[in-house]
Amino acid sequence: MDKKYLCREFVIKMITSIYIRKHSYLVDNPLTLNFGGEYLYSFKEEGQSLIISRNQNEKYIPNFFNISESDSKIELLSAIVGENGVGKSSILDIIRSVFSKIIRSVFSKSEGFTYKEVVVLVENEGETRILYSNIPFKCYLEGKLLEEIGKPNNNTSSYQSIYYSPHFDLKYNSNYYESDYYDISLDEYIKQDLNNIKQNDIQDIHNELNFKNTLRIIEFITSDIFQQKEILSVFEIPRYEYASLIFKEKKIRKKRNKEIDFRNTPYKFRKIIKDILKKIDDDIEIVYNHLKNIGNLNKIVFMQDIFKNVVLKTILSVIIDMLEERNTYLDKGILENKESLNIEESDAKSLFLFFIRNAYIGRMRNYKIFKDDLFEDFLNNIFNVIDSVSNKSDISDFPYNSVTIKIKVENIKNLIELHREIVKNFMRYSNMISYKNINQYEFITIDPLGRSMSSGELSILNFFSKLYYFLVYKMPNLPNKQNYILLLDEADSGLHPMWKKRFIDIILKSVPYFFEGLTPKPNLQIILTTHDPLTLSDIPKHNVIFLEKAEEEKCRISSEVQKTFGANITDLLADSFFIKDGLIGNFAKSKINEVITWINENRNKTKINEEKLAYYKKVIELIDERVIKLKLSEMITELLPDNIFYNKVIDDEIKRLENLKKLKNDTNRYY
């Protein structure tokens, strides 16, 4: 065995089995789920005891899924398959509920809340232990009373699930009274983003959601993980050369006389804010008047000045939004060094930075509102970008409240990082808790340029960018764990078949690197649901839970023998996904049956409707399955006085085979 695996052989930690004794809607009878660990488990109730038996899993191969060089290792990968509504997502919810706060006792049978009794087993350093149990039984394994090692929300627990779903399905989980902080699904991100889009921005809600999602993607593709590990190269995700930075000021509440309608901004800040805005508007007006009298050659220089002022105005509009948050600071604002301020001789940038450097809140101990070095660095960076623009096409025409700048992606990372730190600085003023979404105070919209992304590319980028964003920005505020169970609910949806073939491979090669920044570097386990045979062909069948519904039961494990790992796609469809009535679409099947029915109805007729005959010949010619096509052409020929149609079908098939042979010979000759 490889040396790098020897030291880890006895520290494998994974969820290996779940016993579902009762569930509101998933099962009528107890259900045992084995995920393909070192042992296979069975459960038997005796009085108030639960007897657990285990047998060695002869198909288990240690380190089978460890194909990356990361120090974080994927100890086990498992899949749950079955038809829609069979309970795949419900099983993922059971795992999530182990680590989430529940609004009421798990024994509550109140309407609207899922009632369940479950036992979750883990294999930990070669031993089987109970991770969670809410069954009021004593659990025994091989005559030994098992000891619980952790319950939901116990800080000593070393396990945690992370849930991802790409579907925007507006699910509401009534079992949780607060957010699952480890939920990185599309539903959860859209909910957070919407919560931070204010009503006065409602006309731009689509653009705002797009921005927030694109910002996460841009941050990911400029990250060291993406650039150095090249984890997405197998998917041929485009390397973006450019992106557009869009600065658009927030709407500022104004009175009828067009003065700012201040309500919560500290009194001593109001005048300088008005002075900055007036300076910006005056500068823009002066430059705009110059533009009317010059040619296009010099126009770009004057436009650059306008764009710098729009950037300042955009950031200031967010500051006003921040200061207008409900607070108790009205009479506690302090503007230091006012005696050194000369408004008439200051340009807009200098006046803005003076405010940033000298704004304080006076309480028991004065504290500085803004980290001025962040704002100075950001303005210097973005102004340098604006000054470097030489082509008019790289910078937008303007309204006064918006500007778009085209910038190389490799130069955008520093701006994004400074932008994020400034946003965090804004959050500190409002004393927001760490779990609050930070998007409310963002002032840049980012729009990738180049060719449009396909839905498959977006699907991949959405998953990886959400995982990256979560681990970089949210995980530091959450308790560290030694073991993470990544729950992927149909994460392969939307991918092209060629990408689905690579999906498991890229997950195994790339996901561990996302967790390397955590301390300690955790063990990983992946449990996924899928409807796709190409994804399933990469997973050994003893790592797959096959669910089915029977008329007399809600959910059960399929008793049929299935094929998965390296299996043919038609076998996977027929066996693993329980498609019993053929592997063609229902519409095509109905048309084929229609042809057969018509032929059988006309076998003994002396006169055949020529129009119908021509119609069904055309239907037969559309069929691409050769055996069915030849058989139907043979059957319909029995109604005719000659073999013209049948011979034509045969000739077409011969030509097709000859063309295939020629293509194969040409290909061999080329190589």
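Helices and strands here are DSSP runs, helices of type H or I with at least four residues and strands of type E with at least two, numbered from the N terminus. By that rule, Asn337 of this predicted model falls in a loop, between β12 (333–335) and α8 (348–358).

The whole chain can be described with the same terms. The secondary structure of the protein chain amounts to 18 helices and 20 strands. The chain has 671 residues, and 50% of them are buried. Its accessible surface is about 34,000 Å², with 49% of that belonging to carbon and sulfur atoms. If one takes the contacts between residues at least 6 apart in sequence, 71% of them join residues at least 24 apart.

One sheet to follow is open and has four strands in the order β3-β4-β8-β9, with mixed pairing. The edges are taken by β3 (39–46) and β9 (144–145); each has a single partner strand, so one side of each is left without a neighbour in the sheet. Strands β3 and β4 run antiparallel and are joined by eight bridges. In this pairing Lys44 stands opposite Ile51 of β4. The two strands form a hairpin with two residues between them, and Gly47 in the turn has a positive phi of about 65 degrees.

On the other side of the pairing list, β4 (residues 49–56) runs parallel to β8, with four bridges between them. Here Ser49 stands opposite Lys138 in β8, and Ile52 stands opposite Leu141 in β8. In a regular strand the side chains alternate between the two faces of the sheet.

Lys138 belongs to strand β8 (residues 138–141). Which residues does Lys138 touch, leaving aside those up to four places away in sequence? They are Gln48, Ser49, Leu50 and Leu145. The turn residue Gly47 is 91 residues from Lys138 in sequence, yet their C-alpha atoms are 9.8 Å apart in space.

Another open sheet has six strands in the order β10-β17-β18-β5-β19-β20, again with mixed pairing. Strands β10 (159–164) and β20 stand at its edges; each has a single partner strand, so one side of each lacks a neighbour in the sheet. Within this sheet, β5 (residues 73–81) and β19 (residues 544–548) run parallel and are joined by three bridges. Ile80 stands opposite Ile545 in β19.

The edge strand β20 (556–557) also leads to a surface feature. Phe565 is in the loop between β20 and α14 (569–576). Together with Ile61 and Phe64, Phe565 makes a nonpolar surface patch of about 290 Å².

Among the helices, α6 (residues 267–291) can be checked for length. It has 25 residues, and at 1.5 Å a residue these should span 36 Å; the end C-alpha atoms are 38 Å apart, which agrees. Which residues of α6 are buried? They are Phe269, Arg270, Ile272, Ile273, Asp275, Ile276, Leu277, Lys279, Ile280, Ile284, Val287 and Leu291. The list thus includes Arg270, Asp275 and Lys279 alongside residues such as Ile272 and Leu277. An α-helix has 3.6 residues a turn, so residues three or four places apart point the same way.

The last stop is the backbone in the loops. Most residues other than glycine have a negative phi, and most peptide bonds are trans. Asn337, introduced above, has a phi near 60 degrees, a positive value in a residue other than glycine. Glu490 likewise has a positive phi, near 55 degrees, and is not a glycine. Glu490 is in the loop between β17 (483–489) and α12.

Are these two residues buried or exposed? Buried means under 20% relative accessible area, exposed means over 50%, and partly exposed lies in between. Asn337 counts as partly exposed because its relative accessibility is 38%. Glu490 has a relative accessibility of 15% and therefore counts as buried.

The peptide bond between Thr519 and Pro520 is cis, with omega about -5 degrees. Pro520 is in the loop between α12 (497–514) and β18 (523–529). Strand β18, which follows that loop, is one of the strands of the six-stranded sheet, listed between β17 and β5.

Notes. Residues numbered from 1 in each chain as written. Predicted model: local features only at pLDDT ≥ 70, side-chain atom pairs only at ≥ 80, totals over all residues. Heavy atoms only, no water. Patch = residues over 30% accessible without salt bridge, like charges linked within 9 Å, V, L, I, M, F, W, Y side chains within 5 Å. Areas by Shrake-Rupley, 256 points an atom, 1.4 Å probe, with all protein chains shown as cover. Salt bridge = Lys/Arg side-chain N within 4 Å of Asp/Glu carboxyl O. Expected span 1.5 Å × (residues − 1). Buried < 20%, exposed > 50% of the residue type's maximum accessible area, 1.4 Å probe, protein only. Contact = heavy atoms within 4.5 Å. Pairing = 2+ DSSP bridges.
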